[in-house]
Amino acid sequence: MTGRHPNNFNGQCLPKSVALYLLSDLYMGYYYVNKNIQKNGDHEVHKPGCSFMPKSENRMFLGEFPGCRGAVVEAKKYYLQSNGCYYCCNTCHTQ
Ligand SMILES: [Zn+2]
């Protein structure tokens, strides 16, 4: 076992872009931004169910979006340095 493999979707090795498109961009979803800053200065955007979702007092509801891109754009209205969570919003995670 070598830990988590976000690219490995149900045991099938789909191309990363396809797997993440299926996971995150095909349906409307609720998005939240972490009010607290990360070590690198980012405010991370999360979807419900993410194991890194901040506690309710530490997150702000952004709204419902068809994908994480819109959610990150919304988050940047509040926090200039917003970024998609590596785990639940990987297509919008930069660096
Ligand atoms: Zn997340």
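**Exercise 1. Determine which residue of β4 is the bridge partner of Glu44, and place that pair in the sheet.**

Solution. In this predicted model, the bridge partner of Glu44 in β4 is Asn83. The next step is to look at the two strands as a whole: β2 and β4 are joined by 3 bridges and run parallel. Moving to the other neighbour of β2, one finds 2 bridges between β1 and β2, and these two strands run antiparallel. The last step adds strand β1 (residues 29-34) and β3, which are joined by 6 bridges and run antiparallel. Put together, the 4 strands form an open sheet with mixed pairing, in the order β3-β1-β2-β4. Its edge strands are β3 (59-65) and β4 (82-84), each of which pairs on one side only. On average, and with direction ignored, neighbouring strands of this sheet are turned by 30° against each other.

**Exercise 2. Starting from Tyr32, find which residues stand opposite in β3 and in β2, and then add further pairs that involve β1.**

Solution. Towards β3, Tyr32 stands opposite Phe61, and towards β2 the residue opposite Tyr32 is His46. A further pair with β3 is given by Tyr30, whose bridge partner there is Glu64. A further pair with β2 is given by Val33, which stands opposite Val45.

**Exercise 3. Establish which strands helix α2 touches, and which of its residues are buried on the same side.**

Solution. Begin with the order of elements: read along the sequence, the protein chain follows the pattern α-β-β-β-α-β, which comes to 2 helices and 4 strands. Helix α2 (residues 68-78) packs on the sheet and touches β1, β2 (43-46), β3 and β4, while its direction makes about 140° with that of β3. Within α2, the residues Cys68, Ala71, Val72 and Ala75 are buried. Because they cover an arc of only 100° around the axis, they lie on the same side of α2.

**Exercise 4. Identify which members of the largest nonpolar core touch the most other members, and which element gives the largest share.**

Solution. The largest nonpolar core holds 13 residues, and of these Val45, Cys68 and Ala71 touch the most other members. The elements that give two or more residues to this core are β1 and α2, and the largest share, 4 residues, comes from α2. As general background, nonpolar side chains in soluble globular proteins tend to be buried together. Val45 also belongs to a strand with both faces covered, since in β2 His43 and Val45 on one side and Glu44 and His46 on the other are all buried. For the chain as a whole, 25% of the 95 residues count as buried.

**Exercise 5. Decide whether Ser82 is buried or exposed, and list its contacts beyond four places in sequence.**

Solution. First locate the residue: Ser82 lies in strand β4. Then apply the count: since a residue is buried if 20 or more other C-beta atoms lie within 10 Å of its own, Ser82, with 21 C-beta neighbours inside 10 Å, counts as buried. When neighbours within four places in sequence are left aside, Ser82 is in contact with Val33, Asp42, His43, Val45, Val72, Ala75 and Lys76. As a separate check on distance, the C-alpha atoms of Ser82 and Thr94 are 9.9 Å apart in space, while the two residues are 12 residues apart in sequence.

**Exercise 6. Carry out the analysis for Cys85: is this residue buried or exposed, and with which residues is Cys85 in contact?**

Solution. Cys85 is placed in the segment after β4. Because 24 other C-beta atoms lie within 10 Å, Cys85 is buried. Its contacts, leaving aside neighbours within four places in sequence, are Glu44, Val45, His46, Cys50, Phe52 and His93. For one of these, Val45, the C-alpha separation from Cys85 is 5.5 Å, although the two residues are 40 residues apart along the chain. To set this pair against the whole chain, consider the contacts between residues at least 6 apart in sequence: 57% of them join residues at least 24 apart.

How values were computed:
Residues numbered from 1 in each chain as written. Predicted model: local features only at pLDDT ≥ 70, side-chain atom pairs only at ≥ 80, totals over all residues. Pairing = 2+ DSSP bridges. Axes fitted to C-alpha atoms, helices over the stretch in contact; angles between N-to-C directions. Contact = placed C-beta atoms within 7 Å. Buried ≥ 20, exposed ≤ 12 C-beta atoms within 10 Å, placed from the backbone. Arc of directions from axis to C-beta. Core = buried A, V, L, I, M, F, W, Y, C linked by C-beta atoms within 7 Å.
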